[in-house]
Structures are given as C-alpha cells and as structure tokens.
Amino acid sequence: MSHTQVEIKTSQKNSPKNAPKAKPEAHRPDTLPASRNESDVEAIVRGLRTVIDGKYADDRNIMREAIASPTLQLNLEGTIDEQRDLQVEKIRELLHTNIQRASFSKANGGDGNTARAIVALETLGSVDMSTMVKAGVQWGLWGGAIDALGTERHRKYVEPTMNLELLGCYGMTERGHGSNVAAIETSATYDPETQEFVIHSPNDGARKSYIGNAARHGTIAAVFAQLYTPGSTDSHGVHCLVVPIRDDAGNPLPGVEIGDNGRKGGLLGVDNGTLKFDHVRVPRENLLNKFGDVDEAGNYSSPIESQNRRFFTMLSTLIRGRVGVGAAAGAATRTSLDIAVRYALRRRQFEGAPGKEKTLMEHRSHRLRLLVPLSRTYALAALQNKVTDRLDAHYANIANGRYNLMDPTEEQSIQQRELESWASGVKVISSAHATATIQECREACGGAGYMSENKLTTFKDDSDIFTTFEGDNTVLIQMVTKEMLTAYGRDMADLTPRDIVRYGIDEVSDLLRRRSGVSVTIQGLVDRVSKRDENSLFDSGYQVTLLEERSQNLLKSLVRRIQSARKLDPVAAAEVVDKAQDHMIAAGYARMDSLALQALVEAEERLEEGSEARKVLEQVRDLFALSTISEHGGWYQEQNILPAGRLKATRAAINDIVDSLGPWADVLVDGFGIPSEITNVPMLNDGGVDPR
C-alpha cells in the first residue's frame with residue numbers, strides 16, 4: 001500500500017452516481033522517513049539511476065566524465081561569432097570519447113552503435129544544447145545522410161566527417177514548405193552531356209532555411225531536391241545529393257548563395273543559415289544512390305518501385321535525429337530540475353513559526369510545482385530508453401541483414417511504422433515537457449533564476465525550438481494518432497462480425513494484448529486488474545488501465561467522428577479530418593502518456609522488491625500517474641470511469657505524495673547523475689542552508 005492518508009477502493013463497475021463513499025484506510029500512512037542514513041541514500045540513488053541510465057550506464061558514465069571538463073561547460077561570453085567558433089572546439093574536445101564513430105555503420109568504418117550515439121547527444125543536452133545540436137548536425141544529420149543514403153562511392157566523406165576535417169550541413173527544410181518535405185522545390189536535373197546534376201532553387205520559397213553549420217562553418221551540404229532526368233517531365237521524387245558550398249578560404253562557391261539567420265531566441269552557438277542554388281553543377285556520383293540512381297545515359301532506377309514508399313523509406317533511415325532531440329530535451333529538463341530543486345532546499349522565505357523561516361521546499365505549493373514535473377521526467381526518461389532500445393535493435397537488424405529496407409515483410413513494416421510513431425511521440429512529449437518545466441524551474445527560483453549565470457534562462461531559450469525542429473510537435477503528434485488508426489483498422493480487419501460487436505466493449509487488457517511492444521510485466525499487471533471488482537488508485541496495473549482506457553476511448557470516438565470521410569471525395573474527406581485535428585492531437589498525447597507510465601512501471605518492477613529505492617520510485621510513479629489522471633479528471637468523470645469522490649481522493653493523494661517526497665527531493669535529482677560541475681551555479685553558493 002502507498003503513502004496517502006486516504007486510500008480509496010471502489011468498483012470499476014460503479015457509476016459516479018452509485019459509487020460508494022470513500023473511506024479512510026485503517027492503517028497508518030506509509031510515508032518516507034524524514035531522516036535518513038548515508039547507506040540508504042546511496043542505495044536509493046543507485047536504484048533511481050537505473051531508471052535514467054537504462055542499459056547504457058557505461059556509455060552515460062563516459063559522457064558524464066567528458067561533459068564535466070572545463071572546455072564543455074556552458075560559456076555565455078563573447079560575440080555571436082565567438083560563440084559559434086567555441087562550439088567547434090567543444091565538439092573537437094569530444095573526439096577522444098570516440099562517440100563520433102557511433103553514428104556510422106561498421107560498413108563505413110564506424111561502430112554501428114546507434115544507442116551510444118543517442119546517449120551521447122542526450123548527455124550533451126544536459127550541459128550545452130548548442131554543443132548537442134552542433135554535434136548532431138555534423139555526425140547525425142550530415143554524417144547520417146552519407147551513412148544511410150550513400151553507397152561505397154561516398155565512403156570517402158566518412159573519415160573526414162568523423163574527425164572534423166570536413167564540416168557539413170543538412171539541407172532539407174525550405175522556407176516555402178516547412179515540414180512538407182515531399183513538396184520541396186529545389187531541383188536536381190541530370191545533364192547527360194556533362195554527366196552532372198544541376199542544382200537549382202527556382203524561387204525564394206525554395207531557399208533552404210535554418211540550416212545548422214551553414215552560416216559559418218559548413219563547407220559541404222547534403223541537399224534534398226526533386227530529381228529529374230532527361231525525357232521525364234515528372235520528378236522521380238525527393239533525393240539527396242552532396243553539394244560543396246564553400247572553397248578552402250571559406251567563400252561561397254559560384255552559384256551558391258549563403259545567408260545567415262543571425263541571432264535567434266536561443267542556441268546562439270549554432271550557425272544556422274540559408275542556402276540557395278543558381279544552376280550549381282555537381283558530378284553524377286554526388287547523388288546518394290542507395291535508394292535511387294541515375295546511370296551515365298540518364299536512366300533512372302530504384303530497388304523500390306513505388307515513389308511514395310521510396311520517399312518514406314529514405315526518411316525512415318534518418319529518424320535517429322528525432323529520437324536524439326527528444327532525449328536532449330529530457331536531459332535539459334533534468335539539469336534544470338536539479339538546479340531548481342537544490343535551490344528550493346536552500347532558499348529561505350517566510351516564517352513557518354515566529355522567528356523561523358522556511359525553505360521553499362517546505363511550502364507545499366513549491367513541492368507541487370517541482371515534484372509533479374519531476375515525476376513525469378522520470379517517466380519520460382524510462383520511455384526514452386525504451387525507444388532507444390527499439391531504434392538500436394532496428395538498426396542492428398538492418399546491419400546484419402535481418403531487415404531488408406528494400407523489401408520488408410508485412411510484420412517488419414508494421415514494426416517500422418510503430419517505431420516511427422514512438423520516435424515522433426517521445427520527441428513531442430519530451431520537448432513539450434521541457435518547455436513547460438524549465439519555465440516552471442525559472443519561476444520557482446525567482447529573481448535568481450532570471451540571472452543568466454544560473455543557466456535556467458539559457459536552457460529555457462535553447463530548448464524552446466525543440467518543439468519545432470525535427471518536426472513540429474502539432475504535426476508529429478498527429479503521426480502518433482495516424483499509426484493508432486492504422487493499427488485499429490488492421491485489428492478490425494482480422495475480427496469476425498461477432499468480434500467487431502465485442503470490440504466496442506473490449507477490456508483494456510485485451511486491447512493491450514493486440515498491440516505490439518507490450519511487455520509481459522505490463523500485461524500481467526493489467527490482467528490482474530481485469531479480474532478484480534475493486535482496484536486501488538495506487539495499484540500500478542490499475543493506473544496503466546486508466547491511462548490506456550483513455551487512449552483507447554479517444555481513439556474509438558475519433559474513428560466514429562471521421563468514418564464518414566470514407567464515402568466522400570478527397571477534398572471533402574480532408575475537410576472532415578481537418579475538423580477532427582483537435583481530437584487527433586488529444587488521442588496522440590493520451591497514447592504517449594500511457595506508454596510513459598508503462599515504461600516507468602517496467603523500470604520499477606526491475607528494482608528489488610522491498611528495497612528503499614523501489615519504495616521511493618513507487619511514490620514517483622504514483623505521483624506521475626495520479627497527476628496525469630487528475631489533469632484529465634473531467635474526462636474520466638464524463639465517461640463514468642471515475643466518480644467525483646475518487647478524483648477528489650486523487651488530488652488529496654498528490655498532496656500527500658509530494659509531502660512525503662519533499663525531504664528526499666535532493667536524492668531524487670541525485671538520481672539524474674548530472675555532474676556537479678554543471679549544476680554548481682552561483683545561486684547555490686550564495687547563502688542558504690545546504691541540505692547535504
């Protein structure tokens with residue numbers, strides 16, 4: 001049993017009108033002790049760190065040691081050009097860790113360790129997000145395009161890219177089309193007489209924009225363009241070509257117009273720029289030809305016949321960047337919480353009793369504003385590790401031939417779409433959480449939090465754009481829902497008419513069982529819930545059931561809302577779907593909340609039962625689950641799933657949990673494993689009482 005003063009047990013079958021009144025439990029509340037000994041603290045921190053580290057403790061520790069160096073610390077001094085040049089020195093400092101090799105396949109001389117590459121970017125996000133982006137552009141985007149889309153003839157670019165002799169950029173986004181990559185207007189037209197491609201930007205809307213490494217350092221670019229060959233008026237679709245953009249002196253090459261996006265709202269160390277091409281010629285061999293090639297005579301060929309499938313297969317090889325962005329957003333959130341929590345344990349304000357000021361953390365309102373998002377941070381870290389696991393396994397299967405990108409099985413295609421959905425979803429919820437939480441941390445530290453020397457404003461500014469790049473959050477969360485709709489349709493196609501009738505009243509345990517990626521642990525917990533008439537709000541299986549029930553309920557109601565579109569012409573059908581976008585967004589977020597809780601429950605189950613670490617993590621999990629349920633309390637009441645009494649008990653339980661966790665708040669952020677060199681900001685050394 002958990003730690004609240006009031007524990008409610010009511011039947012799932014009871015409607016709000018008929019639900020029994022809440023009764024207090026007979027036993028004393030199970031709270032964490034106010035005092036602690038050093039051995040308990042060390043054991044708890046080790047346990048909590050397993051949630052953050054996942055399978056990657058060794059890689060994370062290598063990176064933690066690296067980011068503790070003086071060179072990699074956040075430095076806000078100097079002009080914008082000096083800030084940009086500093087980032088080159090910072091990523092050069094990382095070469096001794098060999099993380100650059102993780103981004104490249106073994107076939108291209110790398111380590112082929114996708115998980116290590118993600119973990120490296122994530123850890124960099126906890127110290128300086130400009131460094132993370134600079135490294136991500138160089139090794140993940142530019143290097144990733146060469147590695148994933150190129151062939152043997154492009155291997156010459158790999159080693160210079162790894163060792164920073166060749167600084168590249170990734171020219172995909174265009175001013176006129178934003179996230180709609182398939183509609184970009186830059187063209188690459190093959191000229192068989194010279195055996196060259198002519199790269200051209202037909203108008204200002206085709207200008208490549210916000211391109212990292214373009215404004216100052218990049219000498220070469222991976223440029224995405226519509227591919228044309230002689231005799232064909234239609235494009236063969238979007239392809240990627242290697243295009244040099246600067247000479248050895250750093251000047252733009254003929255026909256290349258380079259602009260500077262200038263000072264941004266954050267990430268001042270990243271030299272974002274623009275690229276426009278005026279009939280720039282590059283050799284035929286500069287086409288990254290893994291998925292489409294043009295011979296000397298100008299004949300186009302591809303191992304994937306469908307242009308649409310070829311396009312999405314090409315983009316699917318590059319989802320690592322999206323996962324890295326979500327991971328780095330989570331790391332920046334953890335650093336900000338670490339700073340804000342430690343400040344709250346030191347800073348005194350207002351008297352609790354005459355002559356005795358209280359620390360900020362001794363005020364319940366302050367515990368709520370920091371510990372509730374802290375619990376969500378743990379859940380998202382656990383989910384991030386699961387996505388990293390799946391992505392790493394996917395790339396490993398491609399490398400060893402178990403997954404044929406050109407001709408995957410139906411089941412592999414399903415798994416691929418779900419992975420892309422998870423990658424999109426975790427990027428969305430992690431970056432959205434970073435935006436809200438880092439702002440809360442800044443406010444929670446008052447005027448001190450507004451001082452740039454204490455880093456919170458920099459993390460706030462730098463992470464803001466994470467909701468936009470690598471896919472706008474509003475667009476990506478709908479991709480999550482579209483995958484859910486696809487899975488729903490697949491499920492329905494396999495059902496008999498009798499099953500279809502039953503599907504409308506299916507239990508969550510059955511719904512979960514239909515989905516891939518559900519662990520035996522979660523399924524077992526949920527199955528036990530379905531066999532009971534009464535369930536505790538603090539039962540992990542019941543919490544998963546409640547969040548998954550909301551996800552599935554929103555999905556089913558969305559299906560009912562848009563099913564009329566099937567009988568309409570494309571224009572009218574698109575209008576129906578457009579009007580349901582609010583519903584699609586809500587369903588996507590609900591799905592990701594459910595997955596985050598499942599990941600946290602799995603992490604908890606891996607800790608030794610009865611251990612101090614598990615007791616603490618249980619309360620963190622309760623706080624995340626109950627705060628999420630409370631946030632959507634109106635929906636649960638409208639759907640007759642939870643009566644008003646249980647929702648009131650949920651709110652009371654949240655207060656009890658933060659009261660219990662408050663004295664242990666520093667231990668919770670110790671679990672993040674952030675080097676003290678990063679969080680040792682001036683406001684933590686300027687008066688106050690150090691709880692440690």
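**Exercise 1. The largest nonpolar core**

Task: In this predicted model, find which residues of the largest nonpolar core touch the most other members, and which helix gives the most to this core.

Solution. Begin with the core itself, which holds 164 residues, and in which Phe-224, Leu-370, Leu-374, Tyr-378, Leu-383, Phe-466 and Leu-661 touch the most other members. Next, turn to the secondary structure: helix α10, spanning residues 364-399, gives the most to this core, with 13 residues. Then take one of the listed residues, Leu-370, and follow its contacts; leaving out residues up to four places away in sequence, Leu-370 touches Leu-337, Ala-340, Val-341, Ala-344, Met-361, Cys-441 and Ala-444. Finally, note that a second, separate core of 22 residues is present, with Tyr-190, Phe-197, Ile-211 and Val-294 among its members.

**Exercise 2. Aromatic pairs and charges over rings**

Task: Determine how many aromatic pairs a search of the whole structure finds, and classify the pair of Tyr-378 and Phe-672 as stacked, tilted or edge-to-face.

Solution. The search of the whole structure returns seven aromatic pairs. For Tyr-378 and Phe-672, the ring centres are 5.3 Å apart and the planes meet at 40°, so this pair is tilted; the cut-offs needed here are under 30 degrees for stacked and over 60 for edge-to-face. The pair links distant parts of the chain, since Tyr-378 belongs to helix α10 while Phe-672 sits in the loop between α24 (665-670) and α25 (676-679), 294 residues apart. Both Tyr-378 and Phe-672 are buried.

As a second case, Trp-635 and Tyr-636 form an edge-to-face pair, with 5.0 Å from centre to centre and 85° between the planes. Trp-635 and Tyr-636 are likewise buried. The ring of Trp-635 also has a charged residue over its face, namely Arg-550, at 5.6 Å from the ring centre. A further arrangement of this kind places Arg-390 over the face of Trp-422, at 4.5 Å from the ring centre.

**Exercise 3. The surroundings of Phe-291**

Task: Locate Phe-291 in the fold, decide whether Phe-291 is buried or exposed, and list the residues with which Phe-291 is in contact beyond its neighbours in sequence.

Solution. Phe-291 is placed in the loop between β10 (280-283) and β11 (293-294). With a relative accessible area of 2%, Phe-291 counts as buried, because the limit for that class is under 20%. Setting aside neighbours within four places in sequence, its contacts are Ala-148, Leu-149, Tyr-300, Ser-302, Pro-303, Ile-304, Arg-310, Thr-313, Met-314, Thr-317, Leu-405 and Met-406. One of these partners, Arg-310, is 19 residues from Phe-291 in sequence and 6.9 Å from Phe-291 in space, C-alpha to C-alpha.

**Exercise 4. Positive phi values**

Task: Where do Gln-195 and Tyr-210 lie, and is each of them buried, partly exposed or exposed?

Solution. Most residues other than glycine have a negative phi. Against this background, Gln-195 has a positive phi, near 55°, and Tyr-210 has a positive phi, near 60°. Gln-195 is in the loop between β3 (187-191) and β4 (196-200), whereas Tyr-210 is part of strand β5, residues 208-211. The relative accessible area of Gln-195 is 31%, so Gln-195 is partly exposed, while Tyr-210, at 59%, is exposed.

**Exercise 5. Helix α13 and its packing**

Task: Identify the buried residues of helix α13 and the helices against which these residues pack.

Solution. Helix α13 covers residues 456-464, and its buried residues are Leu-456, Thr-457, Thr-458, Phe-459, Asp-462 and Ser-463. These buried residues pack against α6 (129-149), α9 (320-344), α11 (410-444) and α12 (446-449).

**Exercise 6. The whole chain and its confidence**

Task: Describe the chain as a whole, and state over which residues the pLDDT is below 50.

Solution. The chain contains 25 helices and 15 strands, and buried residues make up 57% of its 692 residues. Among contacts with a separation of 6 or more, 74% join residues 24 or more positions apart. The chain exposes about 28,400 Å², of which carbon and sulfur atoms supply 49%.

As for confidence, the average pLDDT is 89, and 90% of the residues score at least 70. Over residues 1-29, however, the pLDDT is below 50, although this stretch has 67 contacts in the model beyond near neighbours in sequence. Residues 688-692 also stay under 50, and for them the model has nine contacts beyond four places in sequence.

How values were computed: Residues are numbered from 1 along each chain as its sequence is written. This is a predicted model: local features need pLDDT of at least 70, side-chain atom pairs count only at pLDDT 80 or more; totals for chains, interfaces and linings use all residues. Side-chain values use heavy atoms; hydrogens and water are left out. Helices (H or I, at least four residues) and strands (E, at least two) are DSSP runs, numbered from the N terminus. Buried means under 20% relative accessible area, exposed over 50%, partly exposed in between (1.4 Å probe, protein chains only). Contact means heavy atoms within 4.5 Å. A nonpolar core is a set of buried Ala, Val, Leu, Ile, Met, Phe, Trp, Tyr and Cys residues joined through side-chain atoms within 4.5 Å. Accessible areas come from the Shrake-Rupley method with a 1.4 Å probe; for residues, only the protein chains shown count as cover. Rings of Phe, Tyr and Trp (its six-membered ring) pair if their centres lie within 6.5 Å; planes under 30 degrees apart count as stacked, over 60 as edge-to-face and the rest as tilted. A charge sits over a ring if NZ of Lys or CZ of Arg is within 6 Å of the ring centre and within 35 degrees of the ring normal. pLDDT is the predictor's confidence in each residue, from 0 to 100.
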